[in-house]
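Biologist: Could you take a close look at one part of this model with me, the strands that pair up, and show me where they lead?

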Amino acid sequence: MGFFYGFDWTYLVFIVPCIIITLICQVKVQSTFSKYSKIRNSRNITGAQAAEYVLRQNGVTGVRIEHVSGSMTDHFDPRTNVIRLSDTVYNSNSVAAVGVACHEAGHAVQHAEGYLPNKIRSIILPMAKIGSQLSWILILLGLIFTAKVGFVLLYIGIVLFSLSVLFTIATLPVEFNASKRALECIKTSDLLYGDEYTGAKRTLQAAAMTYVASALTAIMQLLRLIVIARGRRD
């Protein structure tokens, strides 16, 4: 079951490295955002104005841009067609703010254009929610019960968990594409110049790595569960 003299070696092998990578990515995104939040863009445009510009350049209408409290709480809500920008982005004229705002506007453009990976991700989402809610209950019951019943519950739990893993993987092309759209619009429209553009790019690249770390963690957790299940079967 993955235990050796009471020690769960699967956690050490599969999960601990992911925790370390995730922490490194979180520190990197926070430090990068903090660095470029201190640099004012030469056009003096705010995050909200930058997001509005991206929407206008792509012919997207009917999207509201709202302020939301907090830091790094920026997101696009496709259910209400609203871009919500945080305290450090909405009214900020920093290089980082422009990059983040344009990224969220990129999500709005994806939604308006019916971007295929975004549609796939939306289809997976309800199943992933069910999987994340039920999987660990069934996995724990599968580890508690013995013989065939426990084995069946364990594998059903693993299958359900794999749906949430699939969702984290499906998120990657959506996030990468939103950043690509943002940077292309920033560059072609001269929203930011030279080192300012480089700062926005580094901010978005650092943020993207957190999604990579999340997907890696989910995949390794799934592999860990499979190893435990096979050990239980043997």
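**A small sheet and its surroundings**

Modeller: Happily! Strand β5 (residues 82-85) runs parallel to β3, and 4 bridges join the two. This is a predicted model, so local features need pLDDT of at least 70 and side-chain atom pairs 80 or more, while totals for chains, interfaces and linings use all residues. Residues are numbered from 1 along each chain as its sequence is written, and side-chain values use heavy atoms, without hydrogens or water.

One bridge to find on your screen links His 67 with its partner Leu 85 in β5. Strands pair when DSSP finds at least two bridges between them; a strand is a DSSP run of E, at least two residues long, and a helix a run of H or I, at least four.

Now add β4, and you have an open sheet of 3 strands in the order β3-β5-β4, with mixed pairing. Its edges are β3 (64-67) and β4, each paired on one side only. Neighbouring strands are turned by 25° against each other on average, direction ignored (axes are fitted to C-alpha atoms, and angles run from 0 to 180 degrees).

Where does β4 lead us? Together with the helices α1 (9-37), α3 (95-113), α4 (116-144), α5 (147-188) and α6 (195-233), β4 (75-77) gives two or more residues to the lining of the largest pocket. That lining has 36 residues, and His 75, Glu 104, His 107, Glu 175 and Tyr 211 lie nearest the pocket's centre. A pocket is an open set of points on a 1 Å grid where a 1.4 Å probe fits, with protein on both sides within 12 Å along at least five of seven lines; lining residues have an atom within 4 Å of a point.
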